[in-house]
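Good morning, and thank you for joining. I would ask you to keep the structure in view while I go through its main features.

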2 protein chains.
Amino acid sequence: MNTIKILVVDDEAPIRMMLRQALVRHGFEVEEAGDGSEALNMVADSMPDLMLLDWMMPNLSGIELVQKLRRDEVTKDLPIIMLTAKVEEGDRVKGLDLGVDDYVTKPFSPRELIARINAVLRRSNPAEADGIIEHGLLKLDASSHRVTIDSQLLELGPTEFKLLRFFMNNSEKVFSRNQLLDRVWSRGSFIEERTVDVHIRRLRKALEPFSVDGYLQTVRGSGYRFSANTK
Amino acid sequence: MNTIKILVVDDEAPIRMMLRQALVRHGFEVEEAGDGSEALNMVADSMPDLMLLDWMMPNLSGIELVQKLRRDEVTKDLPIIMLTAKVEEGDRVKGLDLGVDDYVTKPFSPRELIARINAVLRRSNPAEADGIIEHGLLKLDASSHRVTIDSQLLELGPTEFKLLRFFMNNSEKVFSRNQLLDRVWSRGSFIEERTVDVHIRRLRKALEPFSVDGYLQTVRGSGYRFSANTK
DNA sequence: GATTAATGTTACAGCCTTGTGACAGGAGAA
DNA sequence: TTCTCCTGTCACAAGGCTGTAACATTAATC
């Protein structure tokens, strides 16, 4: 599981601390900013996956910060959850117009906050619903999460499944180990390049009893390639 | 694709305006009603695809409106999403009993609203309407709320029933715990993902004495799948 | 053919996911 | 009220998967 980075923006250090604690406990990576302009820098620097923003802040207010982010092409889709002390009609409407993704009103429980965060993250995901991909005897059905070869069901682990899906969606192209780590393992993890080799090996072993081999090809010095052409 | 018509029922014009704006921007067709009786007329006239209903309204209240609609054969399946000012346990339960499809608590973001609307529409589509579904030895009669396996009556709790019905209506597809929470539990509250596991377990336990197992399959790392294929 | 680098294979300890039973609280019935 | 059924959560157990290291094998260059 890749770690998700959350930027906490609040002018009060104790509250940041509390939030950090709750978030870290649930496996998120946390960064902090004490005011709006600091937040802008951090967003530019490390592009978090989600921003938790206190509504009331000195200097650059929450409103302005959100406006700025929304205007920028790069950050206009950054999921933002606002923390509000209480529901004020005026603020609410403003926030809605700006495109904030969700509100959490204080006081809130850590669990609720986590649930909201997960909901927003899930929603902002483009939903990776593919269809059925076929290459020769190999058939991969993403919706049922099944792979068959010559009508025989294959047993694959999660990573092997993702790897095979990626290759079948990008056949005939060579990918370096690093590219594969980026695109199959999803960023954020620090994994040895050689790990890819091992998973390739596992995939090959799963296919071996059925096919005459040749789907997963090694391109020495460059990486691997999936090819439907037998041989 | 057909444009989808949404009826917005709220007594406050500014809020209707705001909602209209958000909905139109996402490609929906919008109609408005300022109170319950007006809403009844519009439903009769133009049969919208979904109704967005403010819980607090003068005259005909939200409760009464829903009751009336649910009693009428023509409108008893009209998807309804309620807008509530805050989560009141009592109201929520009442609403669930009446057959409201989902809740959105203010304040909410346009994105969240749109997401909920799409979720409800998606859910109401595959006609999980009453009917008899059969998969192998399993037979589920939605109208009489009965499940039999090999002609033996099964005792299921409300949640297990809904879960099984959902799976039987969407067999062979893998659903993540979160998807299941969205589509089987009316997601007004925040529920732990692992809760799904427990209900799966309860369902399996209920089926166990009869079948040779294999209906409810675990897809490690992804979720669960219902499959009629033994194994 | 020898040397060196790259890739194939295997084994394994730890982590993560899932299975499972227990339990407290809530809602409804008696 | 008290009782019963149901539900969501937790804690622990079990087992599968994963990333790495270590060793074997193959390819490339000279």
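Let me begin with chain A as a whole. Among its contacts between residues at least 6 apart in sequence, 57% join residues at least 24 apart. I should state at once that this is a predicted model. The secondary structure of chain A comprises 8 helices and 12 strands. Of the 231 residues in this chain, 26% are buried.

I turn now to one helix, α2 of chain A, which spans residues 36-46. Which residues of this helix are buried? They are G36(A), A39(A) and V43(A). These buried residues lie on the same side of α2(A), because the arc they cover around the axis is only 50 degrees. The general background is familiar: an α-helix has 3.6 residues a turn, so residues three or four places apart point the same way. The cover over the buried residues of α2(A) includes β1 (5-9), β2 (29-33) and α3 (62-71) of chain A. On the other side of α2(A), the exposed residues are N41(A), A44(A), D45(A) and S46(A). After the helix comes M47(A), with a positive phi near 35 degrees.

The next topic is a sheet in chain A. It is an open sheet of 4 strands in the order β6-β7-β8-β9, and the pairing is antiparallel. Which strands stand at its edges? The edge strands are β6 (132-135) and β9 of chain A, each of which pairs on one side only. On average, neighbouring strands of this sheet are turned by 25 degrees against each other, direction ignored.

Let us follow the pairing through this sheet. β6(A) and β7(A) run antiparallel and are joined by 4 bridges. Within this pair, I132(A) stands opposite D141(A) in β7(A). The two strands form a hairpin with 2 residues between them, and G136(A) in the turn has a positive phi of about 65 degrees. Moving on, β7(A) pairs with β8(A), again in the antiparallel sense and over 4 bridges. Here K139(A) is placed opposite T148(A) in β8(A).

Two residues in the loops of this sheet deserve a comment on backbone geometry. H145(A) lies in the loop between β7 (138-141) and β8 (146-149) of chain A. Its phi is near 60 degrees, a positive value in a residue other than glycine. Is H145(A) buried or exposed? H145(A) counts as buried, because 21 C-beta neighbours lie inside 10 Å, and the threshold for burial is 20 or more. The second residue is S151(A), located in the loop between β8 and β9 (152-154) of chain A. S151(A) is not a glycine either, yet its phi is positive at about 70 degrees. S151(A) is exposed, because 8 other C-beta atoms are within 10 Å, where exposure requires 12 or fewer.

I move on to chain B. This chain also has an open sheet of 4 strands, with the order β6-β7-β8-β9 and antiparallel pairing. At the edges are β6 (132-135) and β9 (152-154) of chain B; each has a single partner strand, so one side of each is left without a neighbour in the sheet. From one strand to the next, the twist averages 25 degrees. Strand β8 of chain B, residues 146-149, runs antiparallel to β9(B) and is joined to it by 3 bridges. In that pair, V147(B) has L154(B) in β9(B) as its bridge partner.

One further residue of chain B is P158(B), which is found in helix α6 of chain B. P158(B) is exposed, because 8 other C-beta atoms lie within 10 Å. Its C-alpha atom is separated by 9.4 Å from that of H145(B), the two residues being 13 apart along the chain.

Finally, I come to the DNA. How many residues lie around DNA strand D? There are 24, of which G157(A), T159(A), E192(A), G157(B) and T159(B) come nearest. By class, this surface has 8 nonpolar, 8 polar and 8 charged residues. Which helices contribute to it? In chain A, α6 (158-169) and α8 (194-207) each supply at least two residues of the surface near DNA strand D, as do α6 (158-169) and α8 (194-207) of chain B. The helix that holds P158(B), namely α6 of chain B, is thus one of those listed at the surface near DNA strand D.

That concludes the presentation, and I thank you for your attention.

Technical notes. Residues are numbered from 1 along each chain as its sequence is written. Chains are lettered from A and ligands numbered from 1 in the order in which they are written. This is a predicted model: local features need pLDDT of at least 70, side-chain atom pairs count only at pLDDT 80 or more; totals for chains, interfaces and linings use all residues. A residue is near a molecule or strand if its C-beta atom, placed from the backbone, lies within 6 Å of it. Ala, Val, Leu, Ile, Met, Phe, Trp, Tyr, Cys and Pro count as nonpolar, Asp, Glu, Lys and Arg as charged, and the others, Gly among them, as polar. The arc is that of the directions from the helix axis to the C-beta atoms. Two residues are in contact if their C-beta atoms, placed from the backbone, lie within 7 Å. Two strands pair if DSSP finds at least two bridges between them. Axes are lines fitted to C-alpha atoms, for helices over the stretch in contact, and angles run from 0 to 180 degrees between N-to-C directions.
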